[in-house]
Amino acid sequence: MIALLFLFLYGAHGAIYMEAADKLLLEANPIEFHHIDYDVLKTLVENEYTDMRRQCTLPNANIEVIYDESLVGTSVLAWASQYMNLDGRIWKPSVFARPEGIHFRIGVNPSPPNGWHVGDCRYIRYQYDLRTVIRHEILHGVGLGSSIRYDNGWNTGVSTGGFCFPRLYDTFIVDENNKKILDGCGMTDISNKKLYIGGVELYHPPNYVAGSSLSHHNYPGHLFYYKSMPDTCMYISKYEADMLGHLGVVCSVSPAPRSILSPIASIFSVLCILFLLLLFDCPM
Ligand SMILES: [Zn+2]
């Protein structure tokens, strides 16, 4: 029984937030919108994960999704929480550890200001894009998220039955000198240090913020920053791909050629890549 308790663990929240000024902007510019039915939300999550598996070498995942009524009126757009398995003295995301059962949960704010945008990103106005937020939470769900916290000192890891083991994600974090900050569940003082996973700088403001600090990268305007942006659709960029690479997941960031293209189609493809870089939706 004790062994079973050690095997599975549920926890590790990550979230995505609205900027206060963005929230005010949307509230000052009300638009007509339709509530997204739960069934549609569930299908969108499944479709986004399927699309992400086309881009990245992710395993199959069983995802539970809910509308979280407690988020109404808050600045939280959505959150994700993952199951983990203890493997080799490290807590690993269950999506990589076992095929069965729920691997992670996603909770979505049912009513952000002006509702959710779903559809062609060229027409998004005064709304947050639901699929962007789902993509962000999927990244948390498959394992990008820290258990490092500050409580009169820096702590990490998950204690169970008197033993403490770190989470896989945290074992990748290094300082400016490329030194790992963890040794088991022990860690160095990371106050005011720049921290990285590979070459990707992590969000680590001077004052620790639970749910945001260390669980995101530090590149505003990209998918895995801790705040989303209204009127913007975001996708896996090189930053997210680099972070996933540490979990053993390989992503192709540029669109792969689907067929032999005509010269005109090739020009559109180049434009398409440029559009992607500018974070617009690509029609191809
Ligand atoms: Zn997040």
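Which residues have the most contacts inside the largest nonpolar core? In this predicted model, they are A78 and I106, in a core of 59 residues. The legends below start from the whole chain and then turn to its parts.

**Figure 1. Overview of the predicted chain.**
The chain has seven helices and 16 strands. Of its 284 residues, 35% are buried. Contacts between residues at least 6 apart in sequence are mostly long-range, in that 64% of them join residues at least 24 apart. The average pLDDT of the chain is 87, and 85% of the residues score at least 70. Over residues 1–6 the pLDDT is below 50, and this stretch has six contacts beyond near neighbours in sequence. Residues 256–284 also have pLDDT under 50, with 23 contacts in the model beyond four places in sequence.

**Figure 2. The largest nonpolar core, with the surroundings of A78.**
This core has 59 residues, and A78 and I106 are those with the most contacts inside it. At least two core residues come from each of β1 (8–17), α3, β2 (63–67), β3, β5, α4, β15 and α6. The element that gives the most is β3, with six residues. Leaving aside residues up to four places away in sequence, A78 touches A15, I16, I106, G107, V108, N109, V133 and E137. I106, the other residue with the most contacts inside the core, is thus shown together with A78, which it touches.

**Figure 3. Strand β3 and its partners β4 and β5.**
Strand β3 (residues 76–87) is joined to strand β5 (residues 104–108) by five bridges, and the two run antiparallel. The bridge partner of A78 in β5 is V108; V108 is also among the residues that A78 touches. Four bridges join β3 to strand β4 (residues 90–93), again in antiparallel fashion. In this pairing, L86 has W91 in β4 as its bridge partner. Two residues lie between β3 and β4, which form a hairpin. In the turn of this hairpin, G88 has a positive phi of about 60°.

**Figure 4. Helix α3 and its two faces.**
Helix α3 has 18 residues and reaches 26 Å from its first C-alpha to its last, close to the 26 Å expected at 1.5 Å a residue. L41, V45 and M52 are buried in α3. Because these residues cover an arc of only 45° around the axis, they are on the same side of α3. An α-helix has 3.6 residues a turn, so residues three or four places apart point the same way. The exposed residues D39, T43, N47, T50 and R54 are carried on the face of α3 turned away from its buried side. The buried residues of α3 pack against β2, β5 and α4.

**Figure 5. Helix α6 and what covers its buried residues.**
Y239, E240, M243 and L244 are buried in α6. Seen down the axis of α6, its buried residues fall within an arc of 130°, so they line one face of the helix. The elements covering the buried residues of α6 include α4 (130–141), β15 and β16. Helix α6 also supplies at least two residues of the largest nonpolar core, as do α4 and β15.

**Figure 6. The open sheet of β12, β15 and β16.**
Three strands form this open sheet in the order β12-β15-β16, with antiparallel pairing. Its edge strands are β12 (173–174) and β16, each of which pairs on one side only. Two bridges join β12 to β15. I173 stands opposite I197 in β15.

**Figure 7. Three loop positions: N192, D231 and N29.**
N192 is in the loop between β14 (186–187) and β15 (196–197). It has a positive phi of about 60° although it is not a glycine. N192 counts as exposed because it has 8 C-beta neighbours inside 10 Å. D231, in the loop between β16 (200–201) and α6 (238–245), is not a glycine either, and its phi is positive at about 60°. With 15 other C-beta atoms within 10 Å, D231 is partly exposed. N29 is in the loop between α2 (20–28) and α3 (38–55). N29 counts as partly exposed, since 13 C-beta neighbours lie inside 10 Å. C-alpha to C-alpha, N29 and P113 are 9.4 Å apart in space, while 84 residues apart in sequence.

How values were computed
Residues numbered from 1 in each chain as written. Predicted model: local features only at pLDDT ≥ 70, side-chain atom pairs only at ≥ 80, totals over all residues. Buried ≥ 20, exposed ≤ 12 C-beta atoms within 10 Å, placed from the backbone. Pairing = 2+ DSSP bridges. Arc of directions from axis to C-beta. Contact = placed C-beta atoms within 7 Å. pLDDT = per-residue confidence, 0-100. Core = buried A, V, L, I, M, F, W, Y, C linked by C-beta atoms within 7 Å. Expected span 1.5 Å × (residues − 1).
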